[in-house]
Amino acid sequence: NSVSPHSGWLKKSTSGTINLIALDTYPGSSGAVFRLAPNSSLSWKQSKLLFLFFAGVLSVVSLYFSLIGAWLVLPFAGLELAVLGVGLYLQCRWSAQEQIIELAGDSIRISSGRRNRSTVLFPLHWFQIKLQRNRHHWYPSRLIVGSHGRFLEIGRYLVEEERERVAEQLQSAVDASRSRHRYRAHEALPSMKKIRSTLSADNQDRRNAKKNDRRRRVGNASQL
């Protein structure tokens, strides 16, 4: 499905979440915005509730076995809870990362990370999008973007079909932004020509005034 410049596009899957947010629905944005993030089956609050549930069940079971003399169950139950807690924490930490690609004016801003995101700026007219396919078909492709020798990979947590769709939609958005910039520059040409003609006319008037002033002075000197 194609995406128009003024409509939102949202796709969720088992691998990741891809958003194309339109200009009028993304505060502070001056162009199309892509948001790439891993799929999160559980939120941080849901993960904590799940951990508390298993902690309660294991505590009841461990307490029962300890009362009947099998107290060695307690350290193993604690170890299981620790492994579960670490696994849930790492899963939430992984799903919290995201990449935001914003087409802002004549530049493209890419922010990556979780809370403290690193931001990289690229010029719009030199921006390149490369979908590098591995010669071994069992390896996933890599979506590389950048310009002037600076490139970074985006969408590593997406499946092949989604990565291809992101490359296609991002290229379409970049081409549309370049076309708008060229159209604005073409519209600005008549006004620039008018300004230049006005400036040249003013300069010509000044030169004529200086010539007339010199002639007047020469005439006055000859009369003396």
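Which residue takes a positive phi in the hairpin of strand 8 and strand 9? It is His148, and the close-ups below take you there by way of the overall fold, in a model that is predicted.

**Figure 1. The whole protein combines three helices with nine strands.** Before zooming in, let's walk along the chain. The elements follow the order β-β-β-α-α-β-β-β-β-β-β-α, so to speak a map for the views that come next. Of the 224 residues, 28% are buried. Looking at contacts between residues at least 6 apart in sequence, 47% of them join residues at least 24 apart. The protein exposes about 15,500 Å², and 58% of that area is supplied by carbon and sulfur atoms.

**Figure 2. Strands 7, 8 and 9 make an open antiparallel sheet.** The three strands lie in the order 7-8-9. Strand 7 (128–132) and strand 9 (150–154) are at the edges with a single partner strand each, and therefore one side of each has no neighbour in the sheet. From one strand to the next, the twist averages 25°. Strand 8 covers residues 142–147 and is joined to strand 9 by five bridges. Five bridges also join strand 7 to strand 8. How many of the six residues of strand 8 are buried? Five of them are, so the strand is largely enclosed by the rest of the structure.

**Figure 3. Ile144 of strand 8 has a partner on either strand beside it.** Follow the register across the sheet here. Lys130 stands opposite Ile144, and Ile144 in turn stands opposite Glu153 of strand 9. Further along strand 8, Gly146 has Phe151 of strand 9 as its bridge partner.

**Figure 4. His148 sits in the loop that links strand 8 to strand 9.** This hairpin has two residues between its strands. His148 is not a glycine, yet its phi is positive, at about 50°. Is His148 buried or exposed? With a relative accessible area of 59%, His148 lies over the 50% cut-off and so counts as exposed.

**Figure 5. The largest nonpolar core gathers 20 residues.** Residues with the most contacts inside this core are Ile101, Ile108, Phe127, Ile129, Leu170 and Val174. Two or more residues come from each of strand 3 (33–38), strand 4 (98–104), strand 5 (107–113), strand 8 and helix 3 (160–223). Which element gives the most? Helix 3 does, with five residues. As a general backdrop, nonpolar side chains tend to be buried together in soluble globular proteins.

**Figure 6. Leu170 touches residues from several parts of the sequence.** Setting aside residues up to four places away in sequence, the contacts of Leu170 are Phe34, Ile101, Leu103, Phe127, Ile129, Val145 and Ile154. Three of these names may look familiar from the previous view: Ile101, Phe127 and Ile129 are, with Leu170, among the residues that have the most contacts inside the core.

**Figure 7. Two aromatic pairs can be set side by side, from the five found in the whole structure.** Phe53 and Phe54 form an edge-to-face pair, 5.6 Å centre to centre with 75° between the planes. Phe53 is exposed, at a relative accessible area of 53%, whereas Phe54 is partly exposed at 35%. Phe122 and Phe127 form a tilted pair, 5.8 Å centre to centre with 55° between the planes. Here Phe122 is buried, with a relative accessible area of 2%, and Phe127 is buried as well, at 5%. Why is one pair called edge-to-face and the other tilted? An angle over 60 degrees counts as edge-to-face and one under 30 as stacked, so angles in the remaining range count as tilted.

**Figure 8. Ser47 is a buried residue of a helix.** Ser47 lies in helix 1, which spans residues 44–67. Its relative accessibility is 3%, under the 20% cut-off, so Ser47 counts as buried. What is Ser47 in contact with, once its neighbours within four places in sequence are left aside? The contacts are Leu42, Leu88, Gln91 and Cys92.

Terms used. Residues numbered from 1 in each chain as written. Predicted model: local features only at pLDDT ≥ 70, side-chain atom pairs only at ≥ 80, totals over all residues. Heavy atoms only, no water. Pairing = 2+ DSSP bridges. Helix = DSSP H or I, 4+ residues; strand = E, 2+ residues; numbered from the N terminus. Axes fitted to C-alpha atoms, helices over the stretch in contact; angles between N-to-C directions. Buried < 20%, exposed > 50% of the residue type's maximum accessible area, 1.4 Å probe, protein only. Phe/Tyr/Trp six-rings, centres within 6.5 Å; stacked < 30°, edge-to-face > 60°. Contact = heavy atoms within 4.5 Å. Areas by Shrake-Rupley, 256 points an atom, 1.4 Å probe, with all protein chains shown as cover. Core = buried A, V, L, I, M, F, W, Y, C linked by side-chain atoms within 4.5 Å.
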